[in-house]
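Please look first at the sequence and the structure shown here, and keep both at hand while reading. The paragraphs below go through the model one region at a time.

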Amino acid sequence: MSSPTPIQNPPGFRPIAPGNAQKASRDLHTISLLVRDAPGVLVRVAMVFSRRGYNIESLVVSPAARSGFSRMTVTCSGDPAILEQMIKQLSKLVDVVHALDHTSSDRYETEIALIKLRCEGEQRREVLEVAEHFSAKVVDYAAESVILRVYGGSEKLDAMISLFSEDSIVELVRSGKIVMTRALEVT
Amino acid sequence: MENRVPTGAEKLIQCLEREGVEYIFGYSGGAAMPIFDALVDSSIELILVRHEQGAAHMADGYARATGKPGVVLVTSGPGATNTVTGLLTSQMDSVPVIVLTGQTITPMLGKDGFQEADVTGITYAVVKHSYLLKDAADIPRATREAFHIATTGRPGPVLIDLPKDVTQGPCDAPFVDDVDLPGYTVPTHGDPALVRQAAEVLMNAKRPVLYVGHGAVISQAGKAVIRLAEKLRAPIVNTLLGKGAADETHPLHLGMLGMHGTAYANKAVDHCDCIMAIGARWDDRITGKLDEFCVDAAKIHIDVDPAEFGKMVTADVAIAGDARLVLEELIPQVSAADTDEWLAQCEQWRKRYPLKYAKQGGLRAQHVLDKLHEITQGDAVITTDVGQHQMWAAQFCLSTTNRHWISSGGAGTMGFGFPAAIGAQLGCPDKKVWTVCGDGGFQMTQAELATAAIHKLPVKCLVINNNFLGMVRQWQELFFENRLSGVDLVGNPDFVKLAQAYGVKALRIRRPSDIERILTEAQEYDEGPCLVVAEVVKEDNVFPMIPAGAPLSGMIIEKPKEQMAKPTGST
């Protein structure tokens, strides 16, 4: 993997440590699918990606408003030239009602991350300052660690995560991006 | 029969009867026993095979010959996995087949029960769709949906996995007639604006070519292709799977194109200024090196599957729809293009580069197949296995009638030919059915000689025996300095004795002078199957040939003097 794209620090901030090697969210494609809620649908969708060597960065699937259907949001990386073809192959699946590429559409997107950080003494103050700047909440406060919960656009999460050194991050869980198109356009 | 609630198995069989199923190709086993039991009282005839792969190919051949879906019934575990090759074969060539597999009881799913296999998991990649039924009440809906999905749009295989407790327990759900599949739509008529655009592109062409594929066979567009060709004054070429849609003996037809197509078909494609794909998918056997394929030609693509647009080739006009319906809309909008010079040029190529073979110095497969064409005149259904014999059969047995040519193209499955012929004969009892196989492929499913014999099916099985895996040997001769590896079929049985061991009539062709007499005898023998083994020269090569990954201009017409570089394309 090539070296990570440097992420701009918010003005007036001194990073605790150099940025982490997380793939910049702007290099990823976002596909949303409306699918039937049935066993096996997830596997069939995932296989369209794996067959082409397209890596899935995140996949969120949960019930849609209409009962019997689910919404899937897939963030993936790979050759953009194949992407259009893959959308068609996804649409071809009997269980997929539609598949749309949202990489450049007008949409609202969000994601949640939980970050467990090792910190004691002075470090803890700096961590809490970063948290406050990104409107992250401390959801666990232990003797040698805290867990921060942050939500927002994927690039905001990337930015915050990059401010912590690899040594201080004990664990990181991201929910994966979910999107919705603006106004009455179909997601 | 009492008025009790039917079992899942009985309901399933009733659903199949409602779908008009006449034959089930199958092999029994523990997990499928409730279904086999229900079959005893059914109007559907079970064709008991000798290997599940045979069942899968028989259902496939039946479907290709009749246009109706073929049905397979096998048991769980190894019975089901033995159909995977057949599923791949059907999927690659878009053939409607329903495969019913027995399965362990639902509480044992995923617990490594006896003869349990994750069949739905294993087959995701080789089916159009599949079902694992956990509730007998789903049987009528799933069956109706399966038949609908298998037979509409771009046809394909659908698998239904049936646990034994589901088929053994009661099913009181009603039959269904309608399907509710919001994710499944089928294009029919082409967009009028795009059709008009295509018409303009065609009429402005000076060197157009109509490139016909399996989609034209499926939608029965062949006669429309001929009308379009005559009206527009354009030559026709077809793929291996497109044979028979449009009469290959028509004066405007240049034969098969592609890796082993005729030289004149390939030259026409290589020099055209407009090529229209009718139910064809620009397969690598056709295009050769993609970035040198028809670079300056306008391309039109008619296909029922929009996912094919831009997969291999990005056409200038891409029309999603049924091939026949789109052509019907297109034909009134075209008139003759200015193609006199072009047609004359194509005829020149036809005269200068005919297919040829030696009639002396040993028995040649090409000679036998040329005679077969003479005797059957396109009226017989011909299935083939896979290899050199397949290519020669495609070159010399010109197909005149839709669904009279049956061959495994996309998957190239050895062992397909003979069982496919059995399925085709059952589907078309009044037609002469021939299969052309090599000694390699025939041995993969030869046990089905029993099936053909039991049902007294007058299938004529021509085995082209050169004691070699011929096509691979050809590649090793041309590209691997003749270092032969894994192609020498020593230990072949005497095929005549083998057939006779099954009680099947068998004949042998040893010399060119035997050909006509023996083939005629087989053609006229209708009491049961007849095997004809042709003992041909051990080494021979299929030409023309466009090595994989080479452009059309890299076509070779005879063996070159120097060793060639290894091909860069796939296989």
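What follows is a walk through the two chains, their domains and a few chosen contacts.

The coordinates come from a predicted model, and the values below should be read with that in mind. Chain A is a convenient place to begin, with 4 helices and 9 strands, which follow one another from the N terminus in the order β-α-β-β-α-β-β-α-β-β-α-β-β. Of its 187 residues, 24% count as buried. Among the contacts in chain A with a separation of 6 or more, 72% are accounted for by residues 24 or more positions apart.

Chain A is divided into domain 1, covering residues 25-101, and domain 2, covering residues 107-180. The centres of these two domains, taken over C-alpha atoms, are separated by 28 Å, and 9 residues of domain 1 of chain A are in contact with 9 residues of domain 2 of chain A. On the domain 1 side of this contact, the elements that give two or more residues are β1 (29-36), β2 (55-63) and β3 (69-77) of chain A, and β2(A) provides the largest share, with 3 residues. The residues on that side of the contact divide into 2 nonpolar, 6 polar and 1 charged.

Chain A also touches chain B, in a contact that takes 13 residues from chain B and 15 residues from chain A. The chain B side of this contact consists of 8 nonpolar, 4 polar and 1 charged residues.

Chain B itself is divided into domain 1 (8-168), domain 2 (192-352) and domain 3 (365-543). Between the centres of domain 1 of chain B and domain 3 of chain B, taken over C-alpha atoms, there are 29 Å, and the contact between them takes 24 residues from domain 1 of chain B and 26 residues from domain 3 of chain B. On the domain 1 side, β1 (23-26), α3 and α5 of chain B each supply at least two residues, while α3(B) gives the most, with 11 residues. In character, the residues of domain 1 of chain B that touch domain 3 of chain B divide into 10 nonpolar, 10 polar and 4 charged.

Two of the elements just named, α3 and α5 of chain B, also pack against each other. Helix α3 (residues 52-66) of chain B and helix α5 (residues 84-92) of chain B meet at an angle of about 20 degrees, with their axes 8 Å apart, which makes α3(B) roughly parallel to α5(B). Their crossing is right-handed. From α3(B), the residues B:Q53, B:A56, B:H57 and B:D60 meet B:T85, B:G86, B:L87, B:T89 and B:S90 in α5(B), and the residues of this contact divide into 2 nonpolar, 6 polar and 1 charged.

How are α11(B) and α14(B) arranged where they pack? Helix α11 (residues 222-232) of chain B and helix α14 (residues 323-330) of chain B pack at an angle of about 30 degrees, with their axes 9 Å apart, and these helices are therefore roughly parallel to each other. The crossing of α11(B) and α14(B) is left-handed. The contact is formed by B:A224, B:V225 and B:L228 of α11(B) together with B:R324, B:L327, B:E328 and B:L330 of α14(B); these residues divide into 5 nonpolar, no polar and 2 charged.

Further along chain B comes helix α17 (residues 388-396), which is largely enclosed by the rest of the structure, because 9 of its 9 residues are buried. Among these buried residues are B:H389, B:M391, B:W392 and B:F396. The buried residues of α17(B) pack against β9 (253-256), α16 (365-376), β13 (381-384), β15 (433-438), β16 (460-465) and α21 (470-479) of chain B.

The last stop is a single residue, B:D439, which lies in helix α19 (residues 439-444) of chain B. With 25 C-beta neighbours inside 10 Å, B:D439 counts as buried. Leaving aside residues up to four places away in sequence, B:D439 touches B:V463, B:N465, B:N466, B:N467, B:L489 and B:N492. One of these partners, B:N465, is 26 residues away from B:D439 along the chain, yet the C-alpha atoms of the two are separated by 5.0 Å.

How values were computed
Residues numbered from 1 in each chain as written. Chains lettered and ligands numbered in written order. Predicted model: local features only at pLDDT ≥ 70, side-chain atom pairs only at ≥ 80, totals over all residues. Axes fitted to C-alpha atoms, helices over the stretch in contact; angles between N-to-C directions. Parallel < 35°, antiparallel > 145°, perpendicular 65-115°, else oblique. Left-handed = near helix turned anticlockwise from the far one by under 90°. Contact = placed C-beta atoms within 7 Å. Nonpolar A, V, L, I, M, F, W, Y, C, P; charged D, E, K, R; others polar. Domains from an automatic or database assignment. Buried ≥ 20, exposed ≤ 12 C-beta atoms within 10 Å, placed from the backbone.
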